[in-house]
Number of protein chains: 2
Amino acid sequence: MQYQRKLVLYIAMSLDGYIATKNDDLSFLSVVEKEGEDYGYQAFTDTVDTVILGRKTYDKVMTLVDTFPHAEKETYVITRTQQPSIGNVNFYTGDLNDLVSGLKSKPGKTIFCDGGAELVNELLKLDIFDDLIISIIPVLLGDGIPLFKPGRHEGKLKLVSSKSFETGLVQVHYLRD
Amino acid sequence: MQYQRKLVLYIAMSLDGYIATKNDDLSFLSVVEKEGEDYGYQAFTDTVDTVILGRKTYDKVMTLVDTFPHAEKETYVITRTQQPSIGNVNFYTGDLNDLVSGLKSKPGKTIFCDGGAELVNELLKLDIFDDLIISIIPVLLGDGIPLFKPGRHEGKLKLVSSKSFETGLVQVHYLRD
């Protein structure tokens, strides 16, 4: 049997489909902050050994922290500008399909796409996600950076689960059908 | 005690936030068609005595049927062009806030906003919806007419319920917070 790793999108959006304001502000997430509730994030990242994320998202994260949060995992920052690796963090300028297909063909744990919207939409166009896990925040942000951009193809999904939480967050989990 | 009627949005969208393709095609809804399952639509419309909808949506509906589906309810088609009423169907060219405030100030049952996106976004800008009931269809439509358009204000919501169905439809119900 061929082993097949999964590429998973795990992300939060407002009900109106934004992942941040136009100024990259994420403070709308605070409405679901609750002590001791991580909405399954730790359990999910425990299944992950590889992270891919866009360069702008990486830069944004690094303005907020000293050490990359997934520093112990194999990480690929998708960028147009070559630069030397920093520990496990690699800067990847090649073909995205080759990267993901290559990772999927090797044994390993889940590959986590940590955003942002530009990378997500490139991966959606390649139809290469296995699972989408989206936390819907009970907010209408009104404007911002949309998770889904127009200009993709239609694709069916299979609902795996839907969970709602006391804070009003609804987490939906789909497989590509 | 002042009686307060509710203005409710009850609508279906794809996971990527579209209510139809750019050509007004609704065939993506067929993935959740199941005999005997109406996702609560009849029970909802039983609470409704007044319907408001946009003129383009009304015209689209009337290309599909001979008799307006809500003909027995008081109906307001929001339009820029005056025309005589047809039975209970009134064509309203006045101020939208006045219409809804006027309806809400009178006793009656639920006021159902039946779309389309243009009217929904005008009502969202007026911050006049009481409830949003959105059925998320397990499809990425890829492109189309977005339910939520940018350029609104931020607003918090309160989750009332979230239900998932065998077909993969997830229905979320929010109150304006």
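This passage walks through the overall build of chain A and then the place where chain A meets chain B. The structure is a predicted model, and every value given here was computed from it.

A good place to start is the fold of chain A, which contains four helices and eleven strands. The radius of gyration of chain A is 16 Å, close to the 16 Å that the globule rule gives for 177 residues, so chain A is as compact as a globular protein of that length. Along the principal axes, the C-alpha atoms of chain A fill a box of roughly 40 × 40 × 35 Å. Of the 177 residues in chain A, 34% are buried. Contacts can also be sorted by how far apart the partners sit in the sequence: among those in chain A between residues at least 6 apart, 71% join residues at least 24 apart.

Attention now turns to the meeting of the two chains. Here, 29 residues of chain A are in contact with 29 residues of chain B. On the chain A side, at least two residues each are supplied by β8 (139-140), β10 (155-164) and β11 (170-176). The largest share of this side comes from β10(A), with seven residues. By residue type, the side of chain A that touches chain B divides into 15 nonpolar, eight polar and six charged residues.

Strand pairing also crosses from one chain to the other. Over two bridges, β8(A) pairs in the antiparallel sense with strand β10 (residues 155-164) of chain B. For a reader following along in the structure, V139(A) is a helpful residue to look for: its bridge partner in β10(B) is K156(B).

Conventions: Residues numbered from 1 in each chain as written. Chains lettered and ligands numbered in written order. Predicted model: local features only at pLDDT ≥ 70, side-chain atom pairs only at ≥ 80, totals over all residues. Contact = placed C-beta atoms within 7 Å. Nonpolar A, V, L, I, M, F, W, Y, C, P; charged D, E, K, R; others polar. Pairing = 2+ DSSP bridges. Rg over C-alpha atoms; globule rule 2.2 N^0.38 Å. Buried ≥ 20, exposed ≤ 12 C-beta atoms within 10 Å, placed from the backbone.
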